[in-house]
There are 2 protein chains.
Amino acid sequence: MPPLRSWFSIPRGSHFSLANIPFGIVSTSSNKSQRVAVAIGDHALDLEAFAANNGFSALSTIQPHQAVFSEPSLNAFAALGRPIHSVVRKYIQSVFAENTDFPNVLKNNSALQTQALLPLKEVQCHLPFKIGDYTDFFVGMNHAYNCGVMFRGPANALNPNYKHLPVGYHGRASSVVPSGTPIRRPHGQFLPNPSSEEKAPVYAPINRLDYELELGAFVCKPNKMGEPVPIGEAEDNLFGLVMLNDWSARDVQSWEYIPLGPFNAKNFGTSISTWVVLMDALEPFKVKGIENDKEVLPYLKQKGDKTVYDIQLKVDLKTNPGNLSTVANSNGRHLLWSFPQCLAHHTSTGCNLQTGDLLGSGTISGTSPEEHGCLLERTEGGKKSIKIGNEERVFLKDGDEVTFTGVCGADEEALVGFGTVTGRIEPALNLGH
Amino acid sequence: MPPLRSWFSIPRGSHFSLANIPFGIVSTSSNKSQRVAVAIGDHALDLEAFAANNGFSALSTIQPHQAVFSEPSLNAFAALGRPIHSVVRKYIQSVFAENTDFPNVLKNNSALQTQALLPLKEVQCHLPFKIGDYTDFFVGMNHAYNCGVMFRGPANALNPNYKHLPVGYHGRASSVVPSGTPIRRPHGQFLPNPSSEEKAPVYAPINRLDYELELGAFVCKPNKMGEPVPIGEAEDNLFGLVMLNDWSARDVQSWEYIPLGPFNAKNFGTSISTWVVLMDALEPFKVKGIENDKEVLPYLKQKGDKTVYDIQLKVDLKTNPGNLSTVANSNGRHLLWSFPQCLAHHTSTGCNLQTGDLLGSGTISGTSPEEHGCLLERTEGGKKSIKIGNEERVFLKDGDEVTFTGVCGADEEALVGFGTVTGRIEPALNLGH
């Protein structure tokens, strides 16, 4: 399919081509109220302003629901369901198309262009959803294997359940923050000498601060408590994807996680990219995930073999002196279980998911060290440093800025990208105790 | 201190004596809107109606905030802070006192009595808070020890971290439900023959359905992300306590929980009692918890040695044929860590807690089998059945109703009780796959 061409100037290589149309929540200095927008090239189209000026006059389906675009989160829009997301995206594509059938809506309406097309650099992006519950999975099998080797050796690297169910745990919703939010180095309780026989923990600023390269999926359609979502319907319950950085305190994690899993090691901050790429936009990039050599139970068996996405993922690390290095290249295909499988499993006991709930994939690593999605793997548990210009890192230092980039496609005029998710490490507080 | 006497008839033995004044959310058949009330004897005092009819005319502190009583959750009232909760409770006690200084507010105002004093049996109680995040701890040391013995033997029953930090994990907020909500037996993935070498899981209705006797604490005062709450301030961030039943699917739990902790085994339903007992009301019942023989780090060191509460806890099991037996008697004192310590630890990495967040204690067991707070412990992992009349149980059957009761004090005219939290097991759905 040739790329959709637009009358509007969309820079070559933009993540936000006409093939994308991701949704987000924005505000501006002249209008502080948070509202719904889509990203197009270097601009955001303010859908509140667009709707208020008859932008949707040709789309009768959305007219009774236009108040959703004035909401400070995507929850109300997402709750309308996949068919509505689909027609709204297609309609916006048609409004921007070179030979649009609706030239008077925006193409020939310079007043509305001025009002509703906001340069991205003048826009502040907010958390796209009001998140009820956040669940983090562990379905990046290469990451699970590499971590398992470190802790238990190659023979027992993956637990017996790993290929039978998408392993996951409940995360912390309150500390999910939008890209750009600084992350303060936490204090935490950990063992300064983990190998020592004497288990004498300290409470101090942590040393082993790490990022984790993940994807996140937002739920649109809720299910009732007690009623599992069949695998065949699970994808329809998803709104779209973001990139997610599951910041981790490794020294806290290794001391606390037995027997109930990671807790304080993960709840001090989780960053997400702010433009949510719709499931529809990702559809052309579906690929096979990692092959599962175990027989999967019927409630997790997905039709077709393309269940995950070919998303090129990259991790850049910029130090305070200004050295910059790409420390990982990975891909959204490196998953053993898809998000629909994760959702079907999550609801398999009848757990009710709600509009705006967030599911994380777990760290996404390829097989080679250059494809490892966190420093724990990359440095083999802190044993091998990596070069960032003339500096070295095993874990993150104060002032380090970590940026993930994710994009689908190769055609520079039709990229479906996520933009970036970034966060900079601030020094620990002086707690005075 | 002699019990407070009232002009209003409060039955002897009521959990809701004048010494208590717990807060909740109610609706009635004639007024379906959910609103704030307190429980007094066999009645609820509707605080929306009370406020609207000048009930708070003598309490200037609350007057600018009276809209909080029309809210469908306690979040707005709780957010006003402990000093306000304290004066409102004391004022309501004084309005009901035998020789009240405010006789015209309610004692001599039969119209308002008719309007605002609702018989509890005509009131529907709802979830008291809009819960952002729910965290479950594991600080009932006897329970942790007994479970540890089952899995690892007595020498390694408690993990090395157990006495250094309150072990906890993130739970599922969406499936926290008020007392009385039926709990459907979940399907789940588990090993039908866990001892077999071959790990061949099934997806089927679970067999090992259990309750867990816990207390829950609601957060009133939020803390900012990145800013730990000092231990000396932690109790002021708590609104009050409820009883909590952490329904558990033991067959799912044993298969799924390594390495990231319990997930689907716990997220299908958590029941709480609906009247929240304020921290002030519990103050006279403070006692020492379980002694910690390890040196506790300063950020967890609480002043004074009375940090938990003497709450008499009881578990009743009623079967479908109508047999009834008390299957456990336990006490709120059987905790190694207090809720303020749990809160200080939870925020120690800077995790932000919000008004309405819920913290669970973990199962509270005494040392003898009759004091065990769950069937897993009581039946030694399903090996020893218990008698319920002429029936036997190892785990819960369909139709079983589990009721927890909790109360502080011995003076029948001054009890500070929680009422009950109850739930009945419904048969599994027929999923047709």
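1. Is B:Phe102 buried, partly exposed or exposed? This is a good place to start in what is a predicted model. With a relative accessible area of 24%, B:Phe102 comes out as partly exposed, because buried would need a value under 20%.

2. The ring partner of B:Phe102 is worth a look too. B:Tyr91 and B:Phe102 make an aromatic pair, with 5.3 Å from centre to centre and 50° between the planes, and the pair is tilted. B:Tyr91 sits in helix α3 (residues 82–96) of chain B, while B:Phe102 belongs to the loop between α3 and α4 (110–116) of chain B, so the pair ties together parts that are eleven residues apart in sequence. B:Tyr91 itself counts as buried, at 4% relative accessibility.

3. Next, some context for ring pairs. Over all chains, the whole structure holds 38 aromatic pairs. One of them is A:Phe77 with A:Phe239: the ring centres are 6.0 Å apart and the planes stand at 85°, so this pair is edge-to-face. The two rings come from distant parts of the chain, 162 residues apart, with A:Phe77 in helix α2 (residues 75–79) and A:Phe239 in strand β14 (residues 238–245) of chain A. Both A:Phe77 and A:Phe239 are buried.

4. That chain A pair also has company. Ring pairs join A:Phe77 and A:Phe239 into a cluster with A:Phe23, A:Phe50, A:Phe56, A:Phe69, A:Tyr91, A:Phe102, A:Phe129 and A:Phe218.

5. Now for the pockets. The largest pocket encloses about 1100 Å³ of space. It has 49 lining residues, and those closest to its centre are B:Phe151, B:Gln253, B:Ser254, B:Tyr257 and B:Ile258. In chain B, β6 (134–137), α5 (141–152) and α6 (250–256) each put at least two residues into this lining. The top contributor is α5(B), with seven residues. Sorted by class, the lining of the largest pocket has 25 nonpolar, 13 charged and eleven polar residues.

6. What is the volume of the second largest pocket? That pocket comes to about 940 Å³. Its lining has 45 residues, with A:Phe151, A:Arg250, A:Gln253, A:Ser254 and A:Tyr257 nearest the centre. Two or more lining residues come from each of β6 (134–137), α5 (141–152) and α7 (250–256) of chain A. Here α5(A) provides the largest share, seven residues. By class, the lining of the second largest pocket holds 22 nonpolar, twelve charged and eleven polar residues.

Methods: Residues are numbered from 1 along each chain as its sequence is written. Chains are lettered from A and ligands numbered from 1 in the order in which they are written. This is a predicted model: local features need pLDDT of at least 70, side-chain atom pairs count only at pLDDT 80 or more; totals for chains, interfaces and linings use all residues. Side-chain values use heavy atoms; hydrogens and water are left out. On a 1 Å grid over the protein atoms alone, a cavity is a set of points where a 1.4 Å probe fits but cannot get out, and a pocket is an open set with protein on both sides within 12 Å along at least five of seven lines; lining residues have an atom within 4 Å of a point. Grid points are joined across faces, edges and corners, and a volume is the space filled by probe spheres set on the points. Helices (H or I, at least four residues) and strands (E, at least two) are DSSP runs, numbered from the N terminus. Ala, Val, Leu, Ile, Met, Phe, Trp, Tyr, Cys and Pro count as nonpolar, Asp, Glu, Lys and Arg as charged, and the others, Gly among them, as polar. Rings of Phe, Tyr and Trp (its six-membered ring) pair if their centres lie within 6.5 Å; planes under 30 degrees apart count as stacked, over 60 as edge-to-face and the rest as tilted. Buried means under 20% relative accessible area, exposed over 50%, partly exposed in between (1.4 Å probe, protein chains only).
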